[in-house]
There are 2 protein chains.
Amino acid sequence: MDKTIVIIGAGNVATHLSMALKNAGYPILQVFSRKIDNAFTLASLVEAKAIDKLSDIEREADLYIIAVSDVAIGQVVEAMPEVKGVVAHTAGSVDMDVLNRFARYGVIYPFQTLTKEKELDFRKVPLLIEENGSVARRILLELANAISDHVQKANSAKRKTLHIGAVFSSNFVNHLYAIAYELLKKEGLDFSLLEPLIKETTQKALTMSPIDAQTGPARRGDRAVMERHKELLNSNSFYHEIYSILSESISKMYAD
Amino acid sequence: MDKTIVIIGAGNVATHLSMALKNAGYPILQVFSRKIDNAFTLASLVEAKAIDKLSDIEREADLYIIAVSDVAIGQVVEAMPEVKGVVAHTAGSVDMDVLNRFARYGVIYPFQTLTKEKELDFRKVPLLIEENGSVARRILLELANAISDHVQKANSAKRKTLHIGAVFSSNFVNHLYAIAYELLKKEGLDFSLLEPLIKETTQKALTMSPIDAQTGPARRGDRAVMERHKELLNSNSFYHEIYSILSESISKMYAD
């Protein structure tokens, strides 16, 4: 019989994971969110029941996926009833052992930037798996392989390093794009002007290594440009400080 | 008769520009660099004469391209002999008027990250042009269109904003990749693990706008994760500070 699943959370990760599982033929029994409206939104997409009390959780599911913010994982674990199925969280920086009040548990960490409104091919999303034993391993690997072509094992230490790498190379990179977007918009310039540059930067870093690919005023030690840029950024203390610290960090990396 | 060109500088921009011009059939007469070895390296690629004294510059060329660091442009301008041809610099953040001791002058700014060792299709490099009159306009547009399909006019103010946007979305982005590279390397993890994430991040920012595409702990306000990450970065004060300021800047952007 098909494995049955309960999803705890209704955010970006919960949405993409439950839709991928549903599309692979696994019934989603329930979607939990503290905000019942959010639970309804996702539940209706995956034909599940929406709940907003953890005590209402179905006890007989095969897998419980906790896809909530890291700080909420502990609260969910405490409030959940006893269950026999496998309990897994989806967080990059949380030890698997936070789940050790359950008998069978693990982690299924999608190593990708996921936004509800943005579709993507989930088969290409790397899934990093950790588990506490053979039952959890069997269930997690079966489901992970059913939805992704890039399943690999990663213990908690490795996962944490990858998560922090992801913050720098995805979350922070996107924020720098957002700053460029705002700076151009203020002068009536379209962000799309940066498209060839952004694409080449990414491609260069992936083919040459980012250490060798570095260019720009800080790399050249061009203090005159850097001073002028900082003057232009004087009206925004965050942008000014980000410019300074990143330039100094580049200088330091290549001074050694 | 074909326009003749003198290249002042032998760095990344000088190399890509002179090779593109040479390939388009324009003779490069001379390559100047203060370091004669660098002049020789580029000169041999484009069949030009290497020189290391500005007083040796050929007086009858049609175009003189000054592709040196911003701080050196003023020194080059002062030391150059009188010439009748068009003099153009290639800098994003330097006013065109730095060249006003010449009769005909302008700017040809390649809006792309260029590294000597990395080939790229120069026809796709946007070239931003500014000039002080019809002769400079005619020469610069002819040569720019001969080597790129993306030639457009941009005055000094517009060019400066684009340059600072480029520093954030290319130079600084690459540095964040370099930091992720170092962090992963220390744990024996390969940078290529980040490839799907890096590609999706770029594609999302370009299709959705980076403002809407933001994800991650700072966007979610997940203080527990951020504190743990900062602890992991304690051994490198630059990485720690970069993590803090970028996280705060994200929080601020979405708090408004």
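How many residues does the contact take from chain B and from chain A? Load both chains and let's walk through it.

Before you click anything: this is a predicted model, in which local features need pLDDT of at least 70, side-chain atom pairs count only at pLDDT 80 or more, and totals for chains, interfaces and linings use all residues. Residues are numbered from 1 along each chain as its sequence is written, while chains are lettered from A and ligands numbered from 1 in the order in which they are written.

**Stop 1: where the chains meet**

Select the residues of chain B that touch chain A. The contact takes 81 residues from chain B and 81 residues from chain A; two residues are in contact if their C-beta atoms, placed from the backbone, lie within 7 Å. On the chain B side, the elements giving two or more residues are α3 (70-79), α5 (156-186), α6 (195-208), α7 (210-213), α8 (217-220), α9 (223-232) and α10 (237-255) of chain B. Helices here are DSSP runs of H or I with at least four residues, strands are runs of E with at least two, and both are numbered from the N terminus. Give α5(B) its own colour, as α5(B) gives the most to this side, with 24 residues.

Now colour that side of chain B by class: you get 44 nonpolar, 21 polar and 16 charged residues. Ala, Val, Leu, Ile, Met, Phe, Trp, Tyr, Cys and Pro count as nonpolar, Asp, Glu, Lys and Arg as charged, and the others, Gly among them, as polar.

**Stop 2: α5(B) and its partners from chain A**

Keep α5(B) on screen and add helix α5 (156-186) of chain A. The two axes come within 9 Å and cross at roughly 175°; axes are lines fitted to C-alpha atoms, for helices over the stretch in contact, and angles run from 0 to 180 degrees between N-to-C directions. That makes α5(A) roughly antiparallel to α5(B). For these labels, angles under 35 degrees count as roughly parallel, over 145 as roughly antiparallel, 65 to 115 as roughly perpendicular and the rest as oblique. The contact of α5(A) with α5(B) has 20 nonpolar, 6 polar and no charged residues.

Next, swap in helix α6 (195-208) of chain A. α6(A) and α5(B) pack at an angle of about 15°, with their axes 10 Å apart. That makes α6(A) roughly parallel to α5(B). The crossing is right-handed; a crossing is left-handed if the near helix is turned anticlockwise from the far one by less than a right angle, and right-handed if clockwise. Show side chains for L197(A), I198(A), T201(A) and A205(A), which meet A166(B), S169(B), S170(B), V173(B), N174(B) and Y177(B). By class, this contact has 6 nonpolar, 4 polar and no charged residues.

Last partner here: helix α10 (237-255) of chain A. Its axis comes within 10 Å of the axis of α5(B), and the two cross at roughly 55°. α10(A) and α5(B) are therefore oblique to each other, and their crossing is left-handed. Look for L246(A), S249(A), I250(A) and M253(A), which meet F172(B), H175(B) and A178(B). The class split for this contact is 5 nonpolar, 2 polar and no charged.

**Stop 3: the sheet in chain B**

Hide chain A and switch chain B to cartoon. You should find 8 strands in an open sheet, in the order β3-β2-β1-β4-β5-β6-β7-β8, with mixed pairing; two strands pair if DSSP finds at least two bridges between them. β3 (49-51) and β8 (151-153) of chain B stand at the edges with a single partner strand each, so one side of each is left without a neighbour in the sheet. On average, neighbouring strands of this sheet are turned by 25° against each other, direction ignored.

Zoom in on β5 (86-89) and β6 (105-110) of chain B, which pair in the parallel sense over 3 bridges. Click V87(B): its bridge partner in β6(B) is Y105(B). Then add helix α2 (36-45) of chain B, which packs on the sheet and touches β2 (28-32) and β3 of chain B. The direction of α2(B) makes about 165° with that of β3(B).

**Stop 4: two domains in chain A**

Bring chain A back and select 5-154 for domain 1 and 159-255 for domain 2; these bounds come from an automatic or database domain assignment. Their C-alpha centres lie 35 Å apart. Where they touch, 9 residues of domain 1 are in contact with 6 residues of domain 2.
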